[in-house]
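Work through these exercises with the sequence and the structure side by side. Try each task before you read its solution.

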Amino acid sequence: MISFTVTALVFGVVFLAELPDKTALAGLVLGTRYRASYVFAGVAAAFALHVALAVAAGSVLTLLPQQIVHALTGVLFLGGAAMLLMKKDEDEEEVRRPENQSFWKVAGAGFMLILVAEFGDLTQIMTANLAARYDDPLSVGLGAVLALWAVAGLGIVGGKALMKKVPLRLITKVAALLMLGLGVWSLWEAVSG
């Protein structure tokens with residue numbers, strides 16, 4: 001059974017944390033050069049793989065006693081909030097062009113770019129934390145993958161317009177505040193439980 005509350009919370013947190021990330025900018029760059037549907041197919045597959053790995057890691061953490069899980073996720077959330085607040089603005093990275101515009105070349109380039117860039121990334125660690133915190137891998141996985149796909153879609157189709165209307169620093173600060181709140185809440189539950 002999927003929990004709409006957990007899915008929505010995970011979607012919001014992961015969406016805000018991923019917006020200022022370099023992969024949103026990479027999707028934007030790929031989307032301006034190649035057919036958007038080809039780029040999205042590769043990027044979406046890579047994000048789905050990352051979420052599956054993160055949820056599996058988080059599910060292993062649920063085998064620990066609840067107080068330890070709450071303390072561990074609290075510390076990791078606080079670390080994530082600190083990383084977001086201390087992160088410098090990222091410039092667009094140059095993306096290598098596939099030789100041609102075939103589906104497999106373009107989707108493969110998008111897949112490999114995300115696979116490498118996102119491995120061990122903040123949102124992957126955050127997804128593992130959320131999977132451990134809520135012990136609901138399906139809801140967490142669904143919320144995280146939908147958030148990552150939404151950011152990828154925004155980046156590929158209309159990232160420049162969004163970034164002109166909503167300052168990147170504001171998005172980063174909102175994501176950091178959400179993570180800070182989740183970190184404090186998790187630590188409070190570890191101490192009081």
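## Exercise 1: One isoleucine

Task: Decide whether isoleucine 114 is buried or exposed, and place isoleucine 114 in the fold.

Solution.
- Step 1. Take the accessibility. Isoleucine 114 has 1% relative accessibility, so it counts as buried. The cut-off for buried is under 20%.
- Step 2. Find the element. Isoleucine 114 sits in helix H5, which covers residues 103-118.
- Step 3. Look for a contact across the sequence. Alanine 46 is 68 residues away along the chain, yet the two C-alpha atoms are separated by 6.0 Å.

Keep in mind that this is a predicted model.

## Exercise 2: The helix around it

Task: Check the length of H5, then find out which of its residues are buried.

Solution.
- Step 1. Compute the expected span. H5 has 16 residues, and at 1.5 Å a residue they should span 22 Å.
- Step 2. Compare with the model. The end C-alpha atoms of H5 are 22 Å apart, which agrees.
- Step 3. List the buried residues. In H5 these are Val106, Ala107, Gly110, Ile114 and Glu118.
- Step 4. Ask where they point. They cover an arc of only 95° around the axis, so they lie on the same side of H5.
- Step 5. Recall the helix geometry. An α-helix has 3.6 residues a turn, so residues three or four places apart point the same way.
- Step 6. Turn to the other face. Trp104 and Val116 are exposed residues on the face of H5 turned away from its buried side.

## Exercise 3: Core and surface

Task: Describe the largest nonpolar core, then contrast it with a nonpolar patch on the surface.

Solution.
- Step 1. Start with the whole chain. It has eight helices and zero strands. Of its 193 residues, 44% count as buried.
- Step 2. Pick out the core. The largest nonpolar core has 31 residues, and Val10, Val14, Val39, Met126, Leu130 and Val140 touch the most other members.
- Step 3. Trace the sources. Helices H1 (4-18), H3 (36-61), H5, H6 (122-134) and H7 (137-165) each supply at least two residues of this core. H7 gives the largest share, eight residues.
- Step 4. Set this against the general trend. In soluble globular proteins, nonpolar side chains tend to be buried together.
- Step 5. Now the surface. Ile2, Leu138, Leu142, Leu146 and Trp149 make a nonpolar patch of about 410 Å².
- Step 6. Test one patch member. Leucine 138 lies in helix H7. Its relative accessibility is 51%, so leucine 138 counts as exposed. The cut-off for exposed is over 50%.

Conventions:
Residues numbered from 1 in each chain as written. Predicted model: local features only at pLDDT ≥ 70, side-chain atom pairs only at ≥ 80, totals over all residues. Heavy atoms only, no water. Helix = DSSP H or I, 4+ residues; strand = E, 2+ residues; numbered from the N terminus. Buried < 20%, exposed > 50% of the residue type's maximum accessible area, 1.4 Å probe, protein only. Core = buried A, V, L, I, M, F, W, Y, C linked by side-chain atoms within 4.5 Å. Patch = residues over 30% accessible without salt bridge, like charges linked within 9 Å, V, L, I, M, F, W, Y side chains within 5 Å. Areas by Shrake-Rupley, 256 points an atom, 1.4 Å probe, with all protein chains shown as cover. Salt bridge = Lys/Arg side-chain N within 4 Å of Asp/Glu carboxyl O. Expected span 1.5 Å × (residues − 1). Arc of directions from axis to C-beta.
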